[in-house]
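These are my notebook entries on a single protein structure. I set down what I looked up, entry by entry.

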Amino acid sequence: MADLDSLLTELDSVLSGFASTTRPSATAATDDALLEFQRRVTVSSRLLDVAGATIAAEIAHRSRRELGYRGLAQRQGSRTPEALVQSITGTGSTTARRLIEVGTLLTSEAAARDGDLPLPGAEPWLHVAIAAAATGGISGEALEIIRRELGRPTEAVSAESLALAVAELTAMAGLVRVGRLATHARELRDQLDAAGVGDREAERRDRRYLRLFPQTDGMTKLIGLLDPESAAIIGAAIDVATSPRRGGPRFVDPAECERAELIVNDPRSTEQLALDAVVELVDVAVRSGSGNRLAARRAVVRVLVTQSDLAADTGVGYIEGQTAAISVASVRRLACDGGLQPILFDDDGQALNLGRTQRLHSARQRAVISARDGGCIEPGCDRPPSWTEVHHIVEFSRGGRTDVADGTNYQYDPTDR
């Protein structure tokens, strides 16, 4: 039997010739032949994915947690096997993780078939789907969807019932898109285990998240995952804002027709309209002050600008917590919005005095201090003003004054400084 290195060398040679002949052959092919070419290439691609998944699983096995720093990933400078696979393949973390999971399933199945002790993760009810993936009949992505959405046996759902569901899903995997496959898999699980619907709903809700990643160019990347209920609420709002662009309903009411026409002719892209709709929703909610999920201290967007720049209508301003400058024209536009609080500075960068007579710093004093400090002043801490509290530089109990000069931003500390 040829070893893997020899086979890969041979494969490299074949693929090199394959790439150069694909276009002329595809161009000259009949419609039926072209579609058959696509099917055959898809099967070959799946088989290559199987090989890649098997190798990824072995990388994970050699990087398992109990090996510690002796593990392969750690020795290569990667924190996890997923990170190592990701760096080698150039794929995203989700793809790398799926490669390892699919490869582990394939390896476990092979070990069980050969009579060896099955590796962790062996799931015999998945036999039909695993066998189909191993021969290129379905993709590794389809296998992972079937495994994830059907779940494992429980007291209410037997392994035999799951095996029948797996067979049904495997048969349809090559005929439908992965989104439809996942939907049908969830439907089958709910039919088998209606009592567990609430638990699965709670599990999906527990996976929701939203993260903001400030970028080096002054922009901020937003990444999140919505549970079905949250997606329905936000999705419906975005649909209202963008549906005329995407073939939405035909309006009869003249006012609705006019609004739809404005959306269609809006110079912003559909994606920009969607984002602006979400921002507007948040802004409205913040202004209402009635939501119990909002912070006790009402969120305010502060615009920072010097008095001289504002008067001369030149220079730049800044939105508190952001690093990119904005024009004075934008400062004026934002300052006209009741949800923003302008903070004026003199030419020396000193905030105008807003009073300093209370033991606890007033809201206006906190605004000035936050604008001046830009966030936590602890060395190495990059927390923005919204994550901090104003403390006394000289403790109040030791004679410190509650004024702007004696106040500073620190990330929240239960002790009053």
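The entries below go from the surface to the helices, then to charged pairs and to contacts across the sequence.

**Entry 1. Kind of model.** I note at the outset that this is a predicted model.

**Entry 2. A nonpolar patch.** I looked for nonpolar side chains at the surface. I found a patch formed by Leu-4, Leu-7, Leu-8 and Ile-55. Together these residues have about 350 Å² of accessible area. I then asked which helix gives the largest share of this patch. It is helix H1, residues 4-28, with three residues. Leu-8 is found in helix H1, and I recorded a relative accessible area of 40% for Leu-8. Leu-8 is therefore partly exposed, since that class lies between the limits of 20% and 50%.

**Entry 3. The buried side of helix H6.** I turned to helix H6, which spans residues 127-134. Which of its residues are buried? I listed Ala-129, Ile-130, Ala-132 and Ala-133. They lie on the same side of H6, because they cover an arc of only 160° around the axis. I also examined the position of Gly-136, just after H6. Gly-136 takes a positive phi there, of about 85°.

**Entry 4. Aromatic rings.** I searched for aromatic pairs and recorded zero in the structure. I did find a charged side chain over a ring: Arg-211 lies over the face of Tyr-209. The distance from the ring centre is 4.5 Å.

**Entry 5. Salt bridges.** How many salt bridges are there? The count comes to 13. I took several of them in turn.

- Arg-39 and Glu-36 form a salt bridge, with the closest N and O atoms 3.6 Å apart. Both residues belong to helix H2, residues 31-61. They are three residues apart, which means that about one helical turn separates them. Glu-36 is partly exposed, at a relative accessible area of 36%.
- Arg-180 and Glu-187 meet through their side chains in a salt bridge of 3.8 Å, N to O. I checked the accessibility of each partner. Arg-180 is partly exposed at 40%, and Glu-187 counts as partly exposed at 32%.
- Arg-205 forms a salt bridge with Asp-227, and their closest N and O atoms are 3.2 Å apart. Arg-205 lies in helix H10, residues 197-206. Asp-227 lies in the loop between strand S2 (220-225) and helix H11 (228-242). The two residues are 22 residues apart in sequence, so the pair ties together parts that are separated by that stretch of chain. I then asked whether each partner is buried or partly exposed. Arg-205 counts as partly exposed, at 29% relative accessibility, whereas Asp-227 is buried, with a relative accessible area of 5%.
- I also noted a network of salt bridges that share partners. This network joins Arg-189, Asp-190, Asp-193 and Arg-200.

**Entry 6. Helix H5 and its contacts.** I examined two residues of helix H5, which covers residues 93-113.

Glu-109 lies in this helix. Is Glu-109 buried or exposed? At 12% relative accessibility Glu-109 counts as buried, because the limit for that class is under 20%. I compared its place in the sequence with its place in space. Glu-109 and Ala-131 are 22 residues apart in sequence, and their C-alpha atoms are 8.5 Å apart in space.

Gly-103 also lies in helix H5. I recorded a relative accessible area of 0% for Gly-103, which is buried. What distance separates the C-alpha atoms of Gly-103 and Ala-56? I read 6.5 Å, for residues that are 47 residues apart along the chain.

**Entry 7. A strand residue.** My last entry concerns Ile-326, which lies in strand S5, residues 325-327. Its relative accessible area is 17%, and Ile-326 is buried. I looked up its distance to Val-303. The two residues are 23 residues apart in sequence, and from C-alpha to C-alpha they are 9.4 Å apart in space.

Conventions
Residues numbered from 1 in each chain as written. Predicted model: local features only at pLDDT ≥ 70, side-chain atom pairs only at ≥ 80, totals over all residues. Heavy atoms only, no water. Patch = residues over 30% accessible without salt bridge, like charges linked within 9 Å, V, L, I, M, F, W, Y side chains within 5 Å. Areas by Shrake-Rupley, 256 points an atom, 1.4 Å probe, with all protein chains shown as cover. Salt bridge = Lys/Arg side-chain N within 4 Å of Asp/Glu carboxyl O. Helix = DSSP H or I, 4+ residues; strand = E, 2+ residues; numbered from the N terminus. Buried < 20%, exposed > 50% of the residue type's maximum accessible area, 1.4 Å probe, protein only. Arc of directions from axis to C-beta. Phe/Tyr/Trp six-rings, centres within 6.5 Å; stacked < 30°, edge-to-face > 60°. Lys NZ or Arg CZ within 6 Å of the ring centre and 35° of its normal.
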